[in-house]
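Visitor: I would like to understand the words used for this fold. Could you take me through them one at a time?

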Amino acid sequence: MGDNKDYEKLMLAAVVHDVGKFWQGTGEKRTHQELGAKFLRKHIPEQWQDAAGIISMHHETGKLGSGGYELLKILMVSDWLSSGERDDRDEDDLGKRINEPLISIFSEINLGIDQQNNKWRIPLTTLSLDENSLFPKIEDGKVDLKSDYRNLWNKFIGEVDTIKGISDFNKYFNSLYYILQKYAWCIPSAVYKNTPDISLFDHLKTTCAISACLYKFHDSINQWDGKSINDRNTQKFLLIGGDISGIQKYIYDIASVGVGGVAKRLRARSFYISMISEVVPQRLLDGLNLPSVCNIISSGGRFFIIAPNTEATRDKFINIKKNVSEWLLNEFQGNLSLNLEYIEFSGKGLEIEKSGDDLGFSRVFDRISDKLDSAKLHKFNENLVSENKWNDSFLSDIEINNVCKSCVKIPVNENQELCKKCEFDAKIGNSLLDAKYIAFSKIKPKHQDCLSFFSDVPYYVSVRNKLDDSDYYLILRLNNLDLDRKADGFKIIANYVYQLKDRNTQCATCQKIDDCSLIQEGSFPKTASFDCVVRLSEGKSLLGILKADVDNLGLIFSMGLKKNNKDDSDRDTISRVTMLSRMLDLFFTGWIHHVVETLYPHCYIVYSGGDDLLIAGPWNEIIELSKKINQDFRSYTCNNQNITLSAGIFLSKSKFPIARSSNLADEELEKSKKGDKNQITLFNKTVQWQKFSELIDYGNFLDAELKKNKNGESPINSSFVNRLLKYCRMAEEGDIMYLSRIKYDIGRNIINKNMGTNENEIIRRLLKMRDEMSDMIIPVSYALYKNREEKK
């Protein structure tokens, strides 16, 4: 952010301007402006304490028409725009805050589908990947949060005090930002409104981002009067959108025949994509001289940056876009591309009012999303076309004799199996197994195993277990929210894989295989191969590929926060939209990683973030995992029927190409997205989630009876269940003859056999299934697969 002291003062004031509300929750009686100023003087380094004056006056609206007070005016207007308001409507929270928890944003989403009246509250605790901390609970009567506030506040100021010795502003600002995210994510920004559903963190973040843009804009035109700063008609802002295309093809397009190590290279490629999504916004922010808070949304390969609408900003944007696209074209031969666009908007794009049908940030968000979608049709246009002519400098004749056996694209020497890129993927994949830090630098680190980005202005990303003394400008703890003095913040990535910790752990998988390469080579820990994973399947040795995403996501963002009736105001403020995106991403990164690691440790997260996921694992564990993910998603989103998930599962052999498996899982997902959505497809059968759970329970019943039959304790054997599968297919084809055949089969092979078991229960279950025989293909196939004996 440079050495502009006024700019630094404004950024620091904006990012903590309402922290006094946090302090009020402990029972302090003074206004939040007074408490915010006191906090800054007491806990912020001395060189920036003069920002306290701005905080103490940020609700003195009379100053807006006075001379001077330029920074104060910008903070005032930014505060209003973050909340979607036209003027100051602050009502202090004295006495009320301790009884008002933060309401989950998910309980407020409304697309007109069975909206509930329940208010789900967020627990008042530090950000944690613990179910009791992360998941909302139904608000039950009056609550007293004073002790929770005190506990949280004491931890917060304790952590703020640990960074007081940092003298570099950028480093201090970044550290403070992550501390605020850790502690203010669960605190309501304002409690005097009907629904306190905006977190203090998201309000502080967006206020600071708007302040940065207003400062840069008015600095460019040298106008600092209150009327000009509060002008809502001038297009002072840009919303920059970035969308990386080709992610799935790049990640999954690795052959699994002829060369091993696919699992570790997949992990490396997934991580590489997440780092491109991290570094490209950093490159833009650095080039535009903007703070990290201006990257308001970043998840799932997409990011959105709010910037000042100045000539200098637009020129720098065009230059950065061209250079980054050129690097991607050279580095990935067009397999990965970056769609990077911007739109202009005014302060009205941040307002919400009862009469404002064309207002609200979701409209701005829709416009940039539409422009990004259109840009996908013209990839690399700025690099390949010049003055309406093809630029053929990117085209060359290449004589190819041998290609990499993994990606089957890049040329290699005759005695090589892997290209340098795939070899490096394997190396990074191993580094991720015990990585604790992700470190970013602009000077090449002393160690060699780092990711490098861009050719004109290099950026480097290091994955480290222990940090060295390289010159890192940003250090983040990987999947650990407990900040230490080495790190500036944290980064949550869903990157769990099944690991072989040491030679002794292999007995459960492939130790019996004499020629296993994992036993013969390398050190531990290491990524288990897909061969190892399928041998952990129960019954049939198959790899399950689970693909899932959120239904109607675009509609949720564009319409989900609009008013419920004509007497309401819209709620699609910039702070709510950013909070909605952040909380969705937190589920798909942090919670999914936690669930797989703790409950399904043999599974492999290929990718999970934003609003979708792809996970591989033993086929029976993948089925149980899918149920768990949907169940948790329902709880996390407050059982709101307007926010649902659809999924598809494809089963394959371990040697089946992962790219093809991914495509087939995607086809299964597409079947689930038709009609009512909120469905899952398995064994080429699509059902609603609730029905799916019942069918898997039925499959477990059949499985248990098959296992009992081996000891002569049940009349249900594999031949009978195979005939059930035949009846299922008859029902699916509309052949009603299955009704008489199944009745005859049950009478002859179940009722007439006295096995000394609970025959009445067995008969009741079997007869019940006749009316829904078409759906029974799921539990019948499930039970047969679990009892298919194969050599492991």
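Guide: Gladly! Two strands count as paired if DSSP finds at least two bridges between them. Keep in mind that this is a predicted model.

Visitor: What makes strand E12 and E13 a pair?

Guide: Strand E12 (residues 474–478) and E13 are joined by three bridges, in the parallel sense. The definition asks for at least two, so E12 and E13 pair. Within this pair, Leu 476 stands opposite Gly 489 in E13.

Visitor: Why is strand E13 called an edge strand?

Guide: The open sheet has five strands in the order E10-E11-E9-E12-E13, and its pairing is mixed. Strand E10 (450–453) and strand E13 (489–491) each pair on one side only, and they are the edge strands. From one strand to the next, the twist averages 30 degrees. Helix H12 (residues 262–288) packs on this sheet and touches E9, E10, E11, E12 and E13, with its direction at about 50 degrees to that of E10.

Visitor: Why is H5 called oblique to H9?

Guide: The axes of helix H5 (residues 70–83) and helix H9 (residues 200–221) cross at roughly 130 degrees and come within 8 Å. Angles over 145 would count as roughly antiparallel, and 65 to 115 as roughly perpendicular. The crossing angle of roughly 130 degrees fits neither range, so H5 is oblique to H9. The crossing is right-handed. Among the residues in contact are Leu 71, Ile 74 and Leu 75 of H5 and Ile 210, Leu 214 and Tyr 215 of H9. By class, this contact has eight nonpolar, seven polar and one charged residues.

Visitor: How do you know that E20 and E21 pair, and in which sense do they run?

Guide: Four bridges join strand E20 (residues 679–682) to E21, and the two run antiparallel. Since at least two bridges are needed, E20 and E21 qualify as a pair. Leu 682 stands opposite Lys 685 in E21. The hairpin has two residues between the strands, and Phe 683 there takes a positive phi near 55 degrees. Along E21 (residues 685–688), Lys 685 and Val 687 point to one face and are buried, whereas Thr 686 and Gln 688 point to the other and are not.

Visitor: Why is Ile 716 called buried?

Guide: Buried means under 20% relative accessible area. Ile 716 has 0%, so Ile 716 is buried. Ile 716 lies in the loop between helix H23 (689–709) and helix H24 (718–732). Beyond its sequence neighbours up to four places away, Ile 716 touches residues including Phe 701, Leu 702, Val 721 and Ile 762.

Technical notes
Residues are numbered from 1 along each chain as its sequence is written. This is a predicted model: local features need pLDDT of at least 70, side-chain atom pairs count only at pLDDT 80 or more; totals for chains, interfaces and linings use all residues. Side-chain values use heavy atoms; hydrogens and water are left out. Axes are lines fitted to C-alpha atoms, for helices over the stretch in contact, and angles run from 0 to 180 degrees between N-to-C directions. Angles under 35 degrees count as roughly parallel, over 145 as roughly antiparallel, 65 to 115 as roughly perpendicular and the rest as oblique. A crossing is left-handed if the near helix is turned anticlockwise from the far one by less than a right angle, and right-handed if clockwise. Contact means heavy atoms within 4.5 Å. Ala, Val, Leu, Ile, Met, Phe, Trp, Tyr, Cys and Pro count as nonpolar, Asp, Glu, Lys and Arg as charged, and the others, Gly among them, as polar. Buried means under 20% relative accessible area, exposed over 50%, partly exposed in between (1.4 Å probe, protein chains only).
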